[in-house]
Amino acid sequence: MNRSFFAQNPSILWFLAILALFTLGVTLMAEATGTGLISTSFVKTLGKTLCLCLIAIAMDVVWGYCGILSLGHFAFFGIGGYAIGMWLMYARTEVIVTGSMANQVIPPSPQEVSDAIASQIFGVVGASELPTIWSFAHSLPLQLLMVVLVPGLLALVFGWLAFRSRVTGVYLSILTQAMTLALSLYLFQNDSGLRGNNGLSGLQNIPGFESTPQSLVSMAFFWASALALAIGYILFAFVTSGKMGSVIRAIRDDETRVRFLGYHVESYKLFVFTLTAIVAGIAGALYYPQAGIINPAEIAPIASIYLAVWVAIGGRGRLYGAVLGTVFVTLASSWFTGGGAPDINLGFYVIKWTDWWLVLLGLSFVAVTLFAPQGIGGLVDKLVRKKA
């Protein structure tokens, strides 16, 4: 069965081969494991880009294949980041607190240690107690479970309510955007239990690996991100192939006819929506330890809109198109906004790309929509056909 699956989908093997070569190349050129041609900060950028590719694939499945334009998938991405960030902050603060209390004449009680940890984490927002949602923050396995469960349950409940009411099209997009906005506004409050606008910081410091160089930690996360992308690509290639893939695409093209043929459309849509939300949460859990910080601004609706732009530029309905679009846009963004692109002096005006990048991105999206609606992936398909 495995052989026939890969034989029917040769693009999977091509993608995995390219990803493996890319991962090997970065490993050989990184500071920690190779020649040092690639800096640690750029390794982190590449690792974060792989995580963004994973959520872009999830977005492509829910939008490009199933026809659900979700403007809330970055919320699931952020929830995954918050879930792992809670453990990272708690465990790191626990090390600091226990170290500072080690010289006390009377050993501190577990409650005193817990109170000190709470004061350290939440003193910035004027609180001194751990909120209820931090009940499992001391346990890595439980927080990893939250990475999967919380986005999955939120997507399941939201999707069930929306799909059973047969909300579709732009109305569904508005609902997902409203969900994202509501979550973002809630997290901005200091009493949300997640430090409000301050967010969770210092996530790059992995508890138990304080003496390990950041160059090696960044490589470990890079490898983990590459592995997650490979597994996610295979998973979604399986979901979008065969009978299930045909039904999902049919729902995108003509939902009413699929329902008339006897298929329970809502179940298919709910499955796709929930599965992609879970994968988005996993991608976020890998992304934010590399970013080092997460705050409510990361979950703002604009982030999900960027995600849709990446998929559109890459080419909807093509898993590799989502990857191409994400890599192109994120690396171009780093170059234009990071000072890599030189300013252009027109005499009467100086074009600074840090100010004009979003305009350029918007124009690129419009150009792709008008002149290349199948995106970069569509151009790749044409080149392959010509060579064939």
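This passage describes two helices, a surface patch and a few individual residues of the structure above.

The structure is a predicted model, in which local features need pLDDT of at least 70, side-chain atom pairs count only at pLDDT 80 or more, and totals for chains, interfaces and linings use all residues. Residues are numbered from 1 along each chain as its sequence is written, and side-chain values use heavy atoms, with hydrogens and water left out.

A good place to start is helix H2, which covers residues 10–29. Helices (H or I, at least four residues) and strands (E, at least two) are DSSP runs numbered from the N terminus. The expected span of a helix is 1.5 Å times one less than its number of residues. For the 20 residues of H2 this gives 28 Å, which agrees with the 29 Å between its end C-alpha atoms. Ile 12, Phe 15, Leu 19, Thr 23, Val 26 and Thr 27 are the buried residues of H2, where buried means under 20% relative accessible area, exposed over 50%, and partly exposed in between (1.4 Å probe, protein chains only). Viewed down the helix axis, these buried residues fall within an arc of 100°, so they line one face of H2; the arc is that of the directions from the helix axis to the C-beta atoms. Trp 14, Ile 18 and Leu 21 are exposed on the face turned away from that buried side.

Next comes the surface. A nonpolar patch there is formed by Phe 136, Leu 142, Leu 145, Leu 149, Val 150, Leu 153, Leu 156, Val 157, Trp 160 and Leu 161, and together they have about 870 Å² of accessible area. Patch residues have over 30% relative accessible area and no salt bridge, with nonpolar side chains (Val, Leu, Ile, Met, Phe, Trp, Tyr) joined within 5 Å and like charges within 9 Å. A salt bridge is a side-chain nitrogen of Lys or Arg within 4 Å of a carboxyl oxygen of Asp or Glu. Areas come from the Shrake-Rupley method with a 1.4 Å probe, and for residues only the protein chains shown count as cover. One patch member, Leu 149, sits in helix H6 (residues 140–164) and counts as partly exposed because its relative accessibility is 36%.

Two arginines have a positive phi although they are not glycine: the angle is near 60° for Arg 166 and near 70° for Arg 195. Arg 166 belongs to the loop between H6 and helix H7 (169–187) and is exposed at 51% relative accessibility. Arg 195, in the loop between H7 and strand E1 (200–201), is buried, with 9%.

Arg 166 also appears among the contacts (heavy atoms within 4.5 Å) of Glu 266, which touches Phe 163, Arg 164, Arg 166 and Arg 259, leaving aside residues up to four places away in sequence. Glu 266 lies in helix H11 (residues 265–291) and counts as buried at 15% relative accessibility.
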